[in-house]
Every structure is written in structure tokens, then in C-alpha cells.
Amino acid sequence: MSDLKTSLSALGKMQAGLVKSILLRIMHRSQLSSAWWYFPLHGQPGSIAALQNPGNDEGYGQLRAATGITKEMGLWRNAMTANSVSRLLSYRPMDLIDRRKNAKDQPPVLLVGAENDTACLVMYVKTAVHQIHGSELFILQGAGHFDVYGGDNLKKTLEEEVLFLKTHIFADQASQL
């Protein structure tokens, strides 16, 4: 099983490296001309979109609909530049955690995960909680990646965040008075 995980991890890194090299060539060409190269930000699984996990396309559509912005308004476009896609491929949140491990006077941290998130799996959020001293975890049950931004899930998340702030931030300030 670990051989399979290692192989899949290596394959994923090779694919990301190949895509990144293609993006760098596109970015270099676009710097030589005035044209920008765009990729879809979100799309269905298997598309060329940057975010193509199950639920991404629908989730972004729901966010846009909740704001009242329509395609006809021309205020928002499902596109991101090749440069942004390249940075997205290089983004590794766990690298930020590694830097925090050695930091002095770390502030309290609340990590919020969604049980059915396909963009940021709960197992990774749990790993991060174990690696950040004094961190806490709130998992939104039955929710996906975009569900934390609206309705009852938004209310639950905000309540948890306010409780965290009252417990850790405001309590510390009151003790210093």
C-alpha cells in the first residue's frame, strides 16, 4: 500500500512539474506579447480548470449566485492567469506550518475543516493541528469546501470562531488589564 502511495505521489509531482513547465513557457511567451493566457478557475473533474475536484464548479457557482453577480454583468469571469495557476501548483500549506514550528510566541490558531471537503481533505487539516502547538480544530459536519460560506454552516463557523476569539484573544487582553 505504501508503494502505491509513493508511486501516486511521484506521479502527481511529475504531472505538476510538467504542467508547471508548460505554464512557464506560456508565461514567457505572454511576457513577449501583450496577450495574457487564461485558464478556467473552476470546472468539472477532468477539465483543464485549476480547481476541478468534485463540487468545485457547483461551489463557485453558488458563491457567485449568493452575491447576486451574474455572468451578464461582466463583473466576474471564470478565469485565472497562467502565472496564478503556476503559483497555485507550488502552494504547499504544510510548508507554512513547518516555519511556525520553530517560531517563538505563536498566537493561538483555529483550523476549520469541512467533513466532505474535496479541495482540502480533513486528514490534512488534522495533520496540521497535530503539528501546530496549541492549535484547535473545528470540523463542520456534513459540509463541503464551499459550504462554510453560507447559510447555517456559515453561522456555525462564525459562532465557533467568535468563541475561539473570546477564549484566546479577549481573555488574554482582559487578564492584562
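User: What does pLDDT stand for in practice, and where does it stay under 50 in this model?

Analyst: pLDDT is the predictor's confidence in each residue, from 0 to 100, and since this is a predicted model, it is a sensible place to begin. The value stays under 50 over residues 4-8, and for that stretch the model has zero contacts beyond four places in sequence.

User: How is confidence spread over the chain, and where is it lowest and highest?

Analyst: Confidence is lowest in helix α1, residues 2-32, with a mean of 54, whereas β4 has the highest value, 95. Taken over the chain, pLDDT averages 77, and 73% of the residues score at least 70.

User: Which elements make up the secondary structure of the chain?

Analyst: The chain has six helices and four strands, and read from the N terminus they follow the order α-β-α-β-α-α-β-α-β-α.

User: Why is Asn153 called buried?

Analyst: Buried means under 20% relative accessible area, and Asn153 has a relative accessibility of 17%, so Asn153 counts as buried. Asn153 lies in helix α6, which spans residues 151-175, and, with neighbours within four places in sequence left aside, Asn153 is in contact with Leu140, Ala143, Asp147 and Val148.

User: Why is Glu160 called partly exposed?

Analyst: The class of partly exposed lies between the buried limit of 20% and the exposed limit of 50%; the relative accessible area of Glu160 is 27%, and therefore Glu160 is partly exposed. Glu160 also belongs to helix α6, and, not counting residues up to four places away in sequence, Glu160 touches Leu110 and Phe138. The C-alpha atoms of Glu160 and Val112 are separated by 9.2 Å, although these residues are 48 apart along the chain.

User: What makes Leu165 partly exposed?

Analyst: Leu165 has a relative accessible area of 37%, which is set against the same kind of interval, under 20% for buried and over 50% for exposed, so Leu165 is partly exposed. Leu165 is found in helix α6, and its C-alpha atom is separated by 9.1 Å from that of Pro108, a residue 57 places away along the chain.

User: What makes up the largest nonpolar core, and why is it called a core?

Analyst: A nonpolar core is a set of buried nonpolar residues, Ala, Val, Leu and Phe among them, joined through side-chain atoms within 4.5 Å; the largest such set here has seven residues, namely Leu110, Ala114, Phe138, Leu140, Ala143, Val148 and Phe164. The elements giving two or more residues to this core are β3 (110-114) and β4 (136-140). A second, separate core has five residues, including Phe39, Leu41, Met80 and Ala82. Ala143, from the largest core, is in contact with Ala114, Glu115, Asn116, Asp117 and Asn153 once its neighbours within four places in sequence are left aside.

User: What makes Leu121, Met123 and Tyr124 a nonpolar patch?

Analyst: Membership of a patch needs over 30% relative accessible area and no salt bridge, with nonpolar side chains joined within 5 Å; Leu121, Met123 and Tyr124 form such a patch on the surface, and together they have about 300 Å² of accessible area. Met123 is found in helix α5, residues 122-131.

User: How much of the chain counts as buried, and how much area does the chain expose?

Analyst: Of the 177 residues, 22% count as buried, while the chain exposes about 12600 Å², of which carbon and sulfur atoms supply 58%.

Methods
Residues numbered from 1 in each chain as written. Predicted model: local features only at pLDDT ≥ 70, side-chain atom pairs only at ≥ 80, totals over all residues. Heavy atoms only, no water. Patch = residues over 30% accessible without salt bridge, like charges linked within 9 Å, V, L, I, M, F, W, Y side chains within 5 Å. Areas by Shrake-Rupley, 256 points an atom, 1.4 Å probe, with all protein chains shown as cover. Salt bridge = Lys/Arg side-chain N within 4 Å of Asp/Glu carboxyl O. Buried < 20%, exposed > 50% of the residue type's maximum accessible area, 1.4 Å probe, protein only. Contact = heavy atoms within 4.5 Å.
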